[in-house]
Amino acid sequence: MVNRESKPIHLLALEAEAIFVFREMYHEMSKPVLLFSGGKDSLVLLHLAQKAFRPAAMPFAIMHVDTGHNFPEIIALRDQIVRENKIDLIVASVQKSIDEGRVMDPTGLRASRNRLQTVTLLDALKDYGFDAAVGGGRRDEDRARAKERVFSHRDVDGQWNPKNQRLELWSLYNGRINPGEHFRVFPLSNWTELDVWEYIRAQNIRMPDLYFAKKRSVFERDGMLYAPSSFIKQLPHEKVFEEMVRFRTIGDMTCTGAVRSNATTIDSVVNEVASARVTERGATRADDRTSDAAMEDRKREGYF
């Protein structure tokens, strides 16, 4: 049982490692930015970043790659956090990339802007001159993410080559890059989904209501429960009904499914995650179901 007033030893170790990574990254890199989606991992990441530099303010901006197909609750919470903490927010817009002809808005029944984020992200990193983008990726999420280094090198085209990464021995990180290259930095690499939720509970980190179960309107497609929205085309047989659900991941609405759940509190969410036998991405992300290598293919292109 986790005590809300103190953290168990493994959470103390994970927190210390993440703070060390933040400080090393800031020491080695010239212009970092924190990638922020408003989901549980990026909220924990932001909490740790602020903790790493206290009592000073967090010395870099956050960037949200906005598909325009977000859950409204996430945008409201993002703006509230930015306002309360006086954080510099950069919004990189997928819609703007579409309007500029950089990418084409997909059409069809399963159209999703999720993959389009890669171009928007790489353009923004280049335009602002960022040499490090801190992300909330964890190795337990997906086999491709399990291959990532903590300091993950990207070439001048922003692409990832898992066979061309730097050695990381004894927590020694090599942050040297050539002009135009950058690093993705993952302070939560060694965390699990359960670690994240136990840390959220121990630190009382504010989470969007979407993570907690309640009766919501959903429809079923390919074995997943989606929230109906103007962004998703429904077939006539895809009837909307009410179900007790919550979201394990939060991303673009067009590819993020809910799970049936009765976990209405932080304690019940922790218990549910502890007994889960399917990863959150495997359970709720349609974009990871297209093939066994779906995430790795996207990452090679420069995805998060």
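## A small cavity to start with

About 30 Å³ of space sits inside the second largest cavity of this predicted model. Two cavities of 30 Å³ or more turn up in the count. Who lines the second largest cavity? The lining is made of Gly137, Arg138, Arg139, Arg145, Glu148, Phe186 and Ser189. Sort those residues by class and you get four charged, two polar and one nonpolar.

## A pocket that opens outward

Next up is the second largest pocket, with a volume of about 290 Å³. It has 16 lining residues, and the ones closest to its centre are Leu122, Leu125, Lys126, Val156 and Gly180. Which helix gives the most to this lining? That would be α5 (residues 117-128), which supplies five residues. Split by class, the pocket lining has seven charged, five nonpolar and four polar residues.

## Helix α3 and its two sides

Now look at helix α3, which covers residues 72-85. How far apart should its ends be? At 1.5 Å a residue, its 14 residues should span 20 Å, and the C-alpha atoms at the two ends are indeed 20 Å apart, so the expected and computed spans agree.

Five residues of α3 are listed as buried: Ile74, Leu77, Arg78, Ile81 and Val82. Because these residues cover an arc of only 130° around the axis, they end up on the same side of the helix. Pro72 and Arg83, on the other side of α3, are exposed. What do the buried residues pack against? Their partners are α2 (40-53), β2 (62-66) and β3 (89-93).

## Helices α2 and α7, mostly covered

One of those partners, α2, can be checked with the ruler used for α3. Its 14 residues should span 20 Å at 1.5 Å a residue, and its end C-alpha atoms are 21 Å apart, which agrees. As for cover, 13 of the 14 residues of α2 are buried.

Helix α7 (residues 193-203) is mostly covered too, with 10 of its 11 residues buried. Among the buried ones are Trp197, Tyr199 and Ile200, along with Glu193, Asp195, Glu198 and Arg201. Right after α7 comes asparagine 204, which has a positive phi near 55°.

## Unusual backbone spots

Here is a rule of thumb to keep in mind: most residues other than glycine have a negative phi, and most peptide bonds are trans. Now for some spots that go the other way. Lysine 86, just after α3, has a positive phi of about 50°. This lysine belongs to the loop between α3 and β3. Is lysine 86 buried or exposed? With a relative accessible area of 75%, lysine 86 is exposed.

Tryptophan 170 also has a positive phi of about 50°, although it is not a glycine. You can find tryptophan 170 in the loop between β5 (151-154) and β6 (182-185). At 73% relative accessibility, tryptophan 170 counts as exposed, since the cut-off for that label is over 50%. And then there is a cis peptide bond: the one from arginine 54 to proline 55, with omega near 10°. Proline 55 is part of the loop between α2 and β2.

## Two loop residues and their neighbours

Lysine 31 lies in the loop between α1 (9-28) and β1 (32-35). At 38% relative accessibility, lysine 31 counts as partly exposed, because the label covers values between 20% and 50%. Which residues does lysine 31 touch? Leaving out residues up to four places away in sequence, its contacts are Tyr128, Gly129, Phe130, Asp131 and Ala132. Lysine 31 and phenylalanine 60 are 29 residues apart in sequence, while their C-alpha atoms are 7.7 Å apart in space.

Glutamate 181 sits in the loop between β5 and β6. At 14% relative accessibility, it counts as buried, because that falls under the 20% cut-off. Not counting residues up to four places away in sequence, glutamate 181 touches His153, Arg154, Asp155 and Val156. Val156 is also one of the residues closest to the centre of the second largest pocket. For a longer distance, try glutamate 181 and glycine 137: they are 44 residues apart along the chain, and 20 Å separates their C-alpha atoms. Glycine 137 takes us back to the start, as one of the residues lining the second largest cavity.

Key
Residues numbered from 1 in each chain as written. Predicted model: local features only at pLDDT ≥ 70, side-chain atom pairs only at ≥ 80, totals over all residues. Heavy atoms only, no water. Helix = DSSP H or I, 4+ residues; strand = E, 2+ residues; numbered from the N terminus. Expected span 1.5 Å × (residues − 1). Buried < 20%, exposed > 50% of the residue type's maximum accessible area, 1.4 Å probe, protein only. Arc of directions from axis to C-beta. Contact = heavy atoms within 4.5 Å. 1 Å grid on protein atoms, 1.4 Å probe; cavity = no way out; pocket = protein on both sides within 12 Å on 5 of 7 lines; lining within 4 Å. Points joined across faces, edges and corners; volume = space filled by probe spheres on them. Nonpolar A, V, L, I, M, F, W, Y, C, P; charged D, E, K, R; others polar.
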